[in-house]
Amino acid sequence: QVQLVESGGGLVQAGGSLRLSCAASGTILSGLAMHWDRQAPGKQRDLVARVISRSSTYYADSVKGRFTISRDNAKNTVYLQMNSLKPEDTAVYLCNAPLFDAWGQGAQVTVSS
């Protein structure tokens with residue numbers, strides 16, 4: 001059974017940075033597509049970033065240039081570095097392994113203005 005555990009959320013002022021981590025167990029992340037999604041209150045869940053390999057990444061237009069997705073295969077962990085945060089980035093961020101339809105519990109990110 002694949003389990004994903006997020007960490008690193010919190011409260012930050014606009015313009016600040018946070019790094020989210022998604023640690024996996026039950027599978028090897030290397031080579032797998034991994035997603036970070038987010039869901040704000042009253043809004044649909046949206047894909048924020050995706051990584052397959054170092055050269056194959058995707059970012060939503062709203063975060064392009066500010067967020068970076070990466071993976072550490074030795075630690076079986078995927079990261080989301082978030083810089084220049086804006087109040088509209090406030091949401092629960094979820095790590096997802098689509099191949100297994102596995103989701104983490106979510107990490108709350110709150111950006112104050």
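**Exercise 1. Which residue does Asp61 form a salt bridge with, and how far apart are the closest N and O atoms?**

Step 1. Start with the partner: Asp61 pairs with Lys64, and the closest N and O atoms sit 3.1 Å apart. A salt bridge here is a side-chain nitrogen of Lys or Arg within 4 Å of a carboxyl oxygen of Asp or Glu.

Step 2. Keep in mind what you're looking at: this is a predicted model, where local features need pLDDT of at least 70, side-chain atom pairs count only at pLDDT 80 or more, and totals for chains, interfaces and linings use all residues. Residues are numbered from 1 along each chain as its sequence is written, and side-chain values use heavy atoms, with hydrogens and water left out.

Step 3. Now check the accessibility of both ends. Asp61 has a relative accessible area of 65%, so it is exposed; Lys64, at 51%, is exposed too. The cut-offs: buried is under 20% relative accessible area, exposed is over 50%, and partly exposed is in between (1.4 Å probe, protein chains only).

**Exercise 2. Work out which residues are linked in a network of salt bridges.**

Step 1. Count: a search of the whole structure turns up three salt bridges.

Step 2. Take Asp89 with Arg38, whose side chains meet at 2.9 Å, N to O. This one ties together distant parts of the chain, with Asp89 in the loop between S8 and S9, Arg38 in strand S4 (residues 34-39), and 51 residues separating them.

Step 3. Take Arg66 with Asp89, where the closest N and O atoms are 2.8 Å apart. Here too the pair links distant parts: Arg66 is in the loop between strand S6 (56-59) and S7, Asp89 is in the loop between S8 and S9, and they are 23 residues apart.

Step 4. Join them up: Arg38, Arg66 and Asp89 form a salt-bridge network.

Step 5. Look at the accessibility of each member. Asp89 has 0% relative accessibility, so it counts as buried. Arg38 is at 13% and therefore buried, and Arg66 has a relative accessible area of 10%, so it is buried as well.

**Exercise 3. Find out what Val63 touches, not counting residues up to four places away in sequence.**

Step 1. Place it: Val63 is in the loop between S6 and S7.

Step 2. Check burial: its relative accessibility is 0%, so Val63 counts as buried.

Step 3. List the partners: with residues up to four places away set aside, Val63 touches Arg38 and Val48. Contact means heavy atoms within 4.5 Å.

Step 4. Compare that with Gly106, which is 43 residues from Val63 along the chain, with 18 Å between the C-alpha atoms.

**Exercise 4. Is Ile52 buried, partly exposed or exposed, and what is it in contact with?**

Step 1. Ile52 belongs to strand S5 (residues 46-53).

Step 2. Its relative accessibility is 37%, so Ile52 counts as partly exposed.

Step 3. Skip the neighbours within four places in sequence, and you're left with Gly31, Leu32, Ala33 and Arg71 as contacts of Ile52.

Step 4. For one of these, get the backbone distance: Ile52 and Ala33 are 19 residues apart in sequence, but their C-alpha atoms are 4.4 Å apart in space.

**Exercise 5. Locate Asn76 and Ser84, and give phi for each.**

Step 1. Asn76 has phi near 55°, a positive value in a residue other than glycine. Asn76 is in the loop between strand S7 (67-72) and strand S8 (77-82), and at 11% relative accessibility it counts as buried.

Step 2. Ser84 isn't a glycine either, yet its phi is positive at about 50°. Its loop runs between S8 and strand S9 (91-97), and at 40% relative accessibility Ser84 counts as partly exposed.

**Exercise 6. Describe the whole chain: how many helices and strands are there, and what is the radius of gyration?**

Step 1. The protein chain has zero helices and 11 strands. Helices (H or I, at least four residues) and strands (E, at least two) are DSSP runs, numbered from the N terminus.

Step 2. With 113 residues, a compact globule would have a radius of gyration near 13 Å, and the chain's 13 Å agrees. The radius is taken over C-alpha atoms, and the globule rule is 2.2 Å times the number of residues to the power 0.38.

Step 3. The C-alpha trace spans about 40 × 25 × 25 Å along its principal axes.

Step 4. Finish with burial: 43% of the 113 residues count as buried.
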